[in-house]
Amino acid sequence: MNIIQYNLLLLNNTQINVFIERKKIKNHYIKIFPNLKVVVCIPLNMDLNLIYGFIEKNKKWIQKNLDKYKNVQKENIRDNLSNGGTVKILDNQYIVYIYESNKNSIVIDGFNIYIYSIRSNDINYITKQYNNYLKEKSTEYFKESIKKFWPIFQKYNLTFPNLKVKAMKSKWGSCRPSVSQITLNLYLYKTSIQCIDYVVLHELTHLVHHGHKQRFYNFLEKYMPNYENIEKQLDIYATQILY
Ligand SMILES: [Zn+2]
């Protein structure tokens, strides 16, 4: 396919890639996809400088529409812990039902999540209760992912890592090889299974290769050939969840 990439600096100082695609069409146009991809389709023989000018001229419109999609995604992914609201877990959306109860518990059934609480009208209390639940469930899940990848690392004579799960604002995970400790972001549990596996493998790889040199990425690629795609998905999640 005949695709050219153009680097566009938006008015809010973020850089995006605009994909220019030559097609058998008469008039050029811009398309913006919900996954925030911007594509400009142009006739086969159209001059590229003209099209770069066209993109620059429509910068404002592009940004406005990207923001629109970002807000929609934000609304979907942000937890709304009220009756009828939704929360996201493992890339699935669940409808929230809150009930007063003499015992706290949280149960998922189908695509509903039932929160039984001794203080059902106290949103701060419900939020804490839900975050505790998220921490417990995510820790179980992350541990399984570590166990799944551990056979790869066994030959390096390493200690099985200690896992810490906590809410973080700017990263999905970190690794301290000297004490064999991996920290994962609580909110990683909202993303997909693939994304979690990627972050787990990434942090485990740091037990063998410190830093992000070529050897590190060669190692990652060997066990997760599509890791670059998953990194891109995580970048989108990051704009929705972390910032
Ligand atoms: Zn890293």
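Into which domains is the protein chain divided? The table lists them, with bounds that come from an automatic or database domain assignment.

| Domain | Residues |
|---|---|
| domain 1 | 3-76 |
| domain 2 | 77-130 |
| domain 3 | 132-241 |

The C-alpha centres of domain 1 and domain 2 lie 39 Å apart.

A quick word on what you're looking at. This is a predicted model, where local features need pLDDT of at least 70, side-chain atom pairs count only at pLDDT 80 or more, and totals for chains, interfaces and linings use all residues. Residues are numbered from 1 along each chain as its sequence is written.

Now for the inside. The largest nonpolar core (buried Ala, Val, Leu, Ile, Met, Phe, Trp, Tyr and Cys residues joined through C-beta atoms within 7 Å) has 21 residues, and Leu188, Cys195 and Val199 touch the most other members. Buried means that 20 or more other C-beta atoms lie within 10 Å of a residue's own, exposed means 12 or fewer, and partly exposed is in between, with C-beta atoms placed from the backbone. At least two residues of this core come from each of α3 (123-153), β11 (181-185), α4 (193-205) and α6 (227-241). Helices (H or I, at least four residues) and strands (E, at least two) are DSSP runs, numbered from the N terminus. The top contributor is α4, with 7 residues.

Let's follow α6. Its buried residues are Ile230, Leu234, Tyr237, Gln240 and Ile241. Looking down the axis of α6, these fall within an arc of 110° (taken from the directions from the helix axis to the C-beta atoms), so they line one face of the helix. The face turned away from that buried side carries exposed Glu228, Asn229, Lys232 and Asp235.
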